[in-house]
Amino acid sequence: MSGLVDIHCHGAVGTELGGPDSARAVEHHASMGTEHLVASLVSAPFDTLVAQVSTLAPLVADGVLAGIHLEGPFLAHERRGAHDPGALAAPDPGLVDRLAEAAALAGAPDALRHMTLAPELPGAVDLLRALVEHGIRPSVGHTDADAATTARTLAEVADLQGAPALVTHVFNGMPPLHHRAGGPVAAALAAAARGEAVLELIADGTHVSAEVVRMLFETVGPGALALVSDAMPATGLGDGEYTLGGLEVVVDDGTARLAGSGAIAGGTSTLAECVAWAVEVAGLPEADVTAAATTTPARALGLAVAPAAAP
């Protein structure tokens, strides 16, 4: 399948996006059917993130990448997953200004497409407003927020940008849904059902179970779901030892986990493989899965791409 739109991807074939060999990872995903790729950067010191954006922005200007996603560093410590705890920081609109300036200087003023943040952190409201002012879509994720805070944030973002808010890989990097404490998952599902949010979903058989993937499609529909790979450098290579954001990662039987903590550290599937799993294992209609891997993610980020037809 070609024409896929992956808005959350960290790398492939031993290469982490943001480094000097980033084009190599992009080429691998392109060879597997991802026509439009947004490069995701994990949490890092501010100077490192600025340097990485400066490296990636020319690829955006040349049309090699569809944009850049900052997955941090303004994340909840308790829900950081495979992000370096030493790189996490309090929301700082000044970083957004620096990143936007770096992209503009590299010839790609619209390169920054979305940024993940935990809405419960002090200063998060000012940050999301700064993001919208720069044309960057805020995405709620890696959060320990309660349902009310999440719902309020998603509604405010949708109102500010005049388009549905984003949620970073729903269910992952947030408290599990509980019937007495719905948390961000309950708020995200409700917002998506109202058309106020688009939920990223990693349908690789590791991050979310088949029955939950089916539930999401049947509850909010493919128009509110953006399939993403969350692929890390092991993608295309196999089991072994790798790094992500400077942290050691061990891939065993296709699952990437942070050495020591055991936290899942991204995916090892391409978006095409996620699409195949959703159809063949989760049993979803091919047309619905195709929409969630093409038109929905493109619309969620305002990308001007032609829709891909189901094979």
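How many aromatic pairs does a search of the whole structure find? I ran that search first and got one. I keep in mind that this is a predicted model.

**Entry: the ring pair**

I looked up the two rings. They belong to phenylalanine 46 and phenylalanine 74, with centres 6.1 Å apart. Their planes stand at 85°, and over 60 counts as edge-to-face, so I log the pair as edge-to-face.

Next I placed the two residues along the chain. Phenylalanine 46 sits in helix α2, residues 46–61. Phenylalanine 74 is in the loop between β5 (67–71) and α3 (93–105). They are 28 residues apart, and I note that the pair links distant parts of the chain.

Is phenylalanine 74 buried or exposed? I find 0% relative accessibility, so phenylalanine 74 counts as buried. Phenylalanine 46 has a relative accessible area of 23% and is partly exposed.

**Entry: the largest nonpolar core**

I turned to the largest nonpolar core, which has 40 residues. Val53, Leu65, Ile68, Leu70, Leu99, Leu112 and Met115 touch the most other members. I then listed the elements that give two or more residues: α1 (22–31), β4 (34–42), α2, β5, α3, β6 (112–117) and α4 (124–133). Helix α2 supplies the largest share, seven residues.

I picked leucine 99 for its contacts. Leaving out residues up to four places away in sequence, leucine 99 touches Leu49, Val50, Val53, Leu70 and Leu112. Apart from this core I found another, of 38 residues. Its members include Leu128, Ala165, Met174 and Ala282.

**Entry: strand β12 and its neighbours**

Which way do the side chains of β12 (residues 247–252) point? I see them alternate. Leu247, Val249 and Val251 point to one face and are buried. Glu248, Val250 and Asp252 point to the other face and are not buried.

I checked the partners of β12 on each side. Strand β11 (residues 240–244) runs antiparallel to β12, and five bridges join them. Tyrosine 242 has valine 249 as its bridge partner in β12. Strand β13 (residues 255–258) is also antiparallel to β12, with four bridges. Here valine 250 has arginine 257 as its bridge partner.

Last, I looked at the turns. The hairpin of β11 and β12 has two residues between the strands, and glycine 245 takes a positive phi near 60°. The hairpin of β12 and β13 has two residues between the strands as well. There I find aspartate 253 with a positive phi near 55°.

Terms used:
Residues numbered from 1 in each chain as written. Predicted model: local features only at pLDDT ≥ 70, side-chain atom pairs only at ≥ 80, totals over all residues. Heavy atoms only, no water. Phe/Tyr/Trp six-rings, centres within 6.5 Å; stacked < 30°, edge-to-face > 60°. Buried < 20%, exposed > 50% of the residue type's maximum accessible area, 1.4 Å probe, protein only. Pairing = 2+ DSSP bridges. Core = buried A, V, L, I, M, F, W, Y, C linked by side-chain atoms within 4.5 Å. Contact = heavy atoms within 4.5 Å.
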